[in-house]
Amino acid sequence: MTNVLTLTPGTFLQSSFDKVGDGRKYEEIELKTTGTKTTFTAKTPIQLHPGTTITGDEKAIIQLIPYASTCLWKPQVPVFSFSGENYLFEGFTFDGLADKQNVLHGKGYHNLFGGNRASNIKIRNVKIQNSKGDGARILDSKDVTFSGNKIYGVGHDGFYCERCVGVEASGNEIYTRINSGLRSKGSRNVIFQDNIIKSTKKYKPRTGPSIQVENSRANETTSNVRILNNIIDGCQGPGIWAAGHTAPALDAAIGLTIKGNTITNCGQMPVFENKETADRL
């Protein structure tokens, strides 16, 4: 039987999350809304233990503290950081309060999920909105599932995996802002399938591709990447971009399959903010 720690709206405390994980008092945190009270405030970054599950419903809103201190919330310091095995995140909403922060979009601030050397990670049916950073940034990990999520105008990539093995991102609805909806770098056995990725004038400056596959190190190999049956619309950059960086002979990927995707109204870089539509070069 799973032991569940129920949290009601208020401020997150690291001491609560220290009780959760394999071999600890609880295995799961449930975010439970009560009446009109729906907001959970993240004042400090939270470190999770292996075996942690966090669940809620869309009414349960994790909100970053306004004007988050750059001394505490440095670049690449996520709301939830984790390593080790067995994580499940499901059902809640994150609001980064982008209009009440003093940092720029796309500079690595305020990512929601940050995994490093982790495995068996599932992020499902989470809504991520109004943030300066990535939805999820996963490094040096394996067996990662990112499915059924709604991502509206985050500050950088919706989902980013680097040097990962065994990744699936499927059934997500993503509206991009600064960079990609889905991005794979130096990773193997990756599938991006059945996603809807769009860009609209609501989320500016609308730069970058919809899906990005890349390699930037000679000692890494991006391989067996499948991009299938995605709907892509309105991205100012390429609909799908495969790039090898830093060296002329560096391959973007080996074994790249792109099939069945619908791409419309893309590739209109550069972006001019004071014009309705960018001029084509």
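Start by selecting residues 39-42 and 61-64: these are strands β4 and β7, which run parallel and are joined by 4 bridges. (Strands here are DSSP runs of E with at least two residues, numbered from the N terminus, and two strands pair if DSSP finds at least two bridges between them.) Click on T39, and you'll find its bridge partner in β7, I61. Before you go on, keep in mind that this is a predicted model, where local features need pLDDT of at least 70 and side-chain atom pairs count only at pLDDT 80 or more, while totals for chains, interfaces and linings use all residues. Residues are numbered from 1 along each chain as its sequence is written, and side-chain values use heavy atoms, with hydrogens and water left out.

**The open sheet**

Now widen the view. β4 and β7 belong to an open sheet of 10 strands with parallel pairing, in the order β2-β4-β7-β9-β11-β14-β17-β20-β23-β26. Which strands stand at the edges? Select 10-11 for β2 and 262-264 for β26: each has a single partner strand, so one side of each is left without a neighbour in the sheet.

**Strand β21 and its partners**

Next, pick 211-215. This is strand β21, and 5 of its 5 residues are buried (buried means under 20% relative accessible area, exposed over 50%, and partly exposed in between, with a 1.4 Å probe and protein chains only). Show the side chains: I211, V213 and N215 point one way, and Q212 and E214 point the other way.

Add residues 182-185, strand β18, which pairs with β21 in the parallel sense over 4 bridges. Here R183 stands opposite Q212. Then add 240-244, strand β24, which also pairs with β21 in the parallel sense, over 5 bridges. In that pairing, I211 faces I240.

**Following the charges**

Stay on R183 and add D157. Their side chains meet in a salt bridge, at 3.1 Å from N to O (a salt bridge is a side-chain nitrogen of Lys or Arg within 4 Å of a carboxyl oxygen of Asp or Glu). This pair links distant parts of the chain: D157 is in the loop between β14 and β15, R183 is in strand β18, and they are 26 residues apart. Are D157 and R183 buried or exposed? Both are buried.

Now select E162 and R163, whose side chains form a salt bridge at 2.7 Å, N to O. E162 is buried, with a relative accessible area of 7%, whereas R163 counts as partly exposed at 23%. Add K185, which forms a salt bridge with E162, the closest N and O atoms being 4.0 Å apart. K185 lies in strand β18 and E162 in strand β15, so the pair ties together parts that are 23 residues apart in sequence. Bring in D140 as well, and you have one network: D140, E162, R163 and K185 are joined by salt bridges that share partners. How many salt bridges does a search of the whole structure find? It finds 7.

**A loop residue tucked away**

Jump to N149, in the loop between β13 (142-147) and β14 (150-152). N149 is buried, with a relative accessible area of 0%. A polar atom of its side chain lies 2.8 Å from the backbone nitrogen of V126. Leaving aside neighbours within four places in sequence, its contacts (heavy atoms within 4.5 Å) include I123, G171 and E173.

For another loop, try P50, between β5 (46-47) and β6 (53-55). P50 counts as partly exposed, at 33% relative accessibility. Not counting residues up to four places away in sequence, P50 touches G21, D22, S83, G84, E85, N86 and Y87.

**Cysteines**

How many disulfides are there? The count comes to 0 (a disulfide is a pair of cysteine sulfur atoms within 2.5 Å). Select C266: the nearest cysteine sulfur, that of C235, is 4.6 Å away. C266 counts as buried at 17% relative accessibility, while C71 is exposed at 64%.

**Last stop: the nonpolar core**

In soluble globular proteins, nonpolar side chains tend to be buried together. Here, the largest nonpolar core has 56 residues, and those with the most contacts inside it are F12, L31, F80, F113 and F159. (A nonpolar core is a set of buried Ala, Val, Leu, Ile, Met, Phe, Trp, Tyr and Cys residues joined through side-chain atoms within 4.5 Å.) Finish on L31: beyond its neighbours within four places in sequence, L31 is in contact with residues including L7, F12, F40, I54, I62 and F92.

Key. A polar contact is a pair of N or O atoms within 3.5 Å; within protein, one must be able to donate a hydrogen and the other to accept it, and residues adjacent in sequence count only if both atoms are side-chain atoms.
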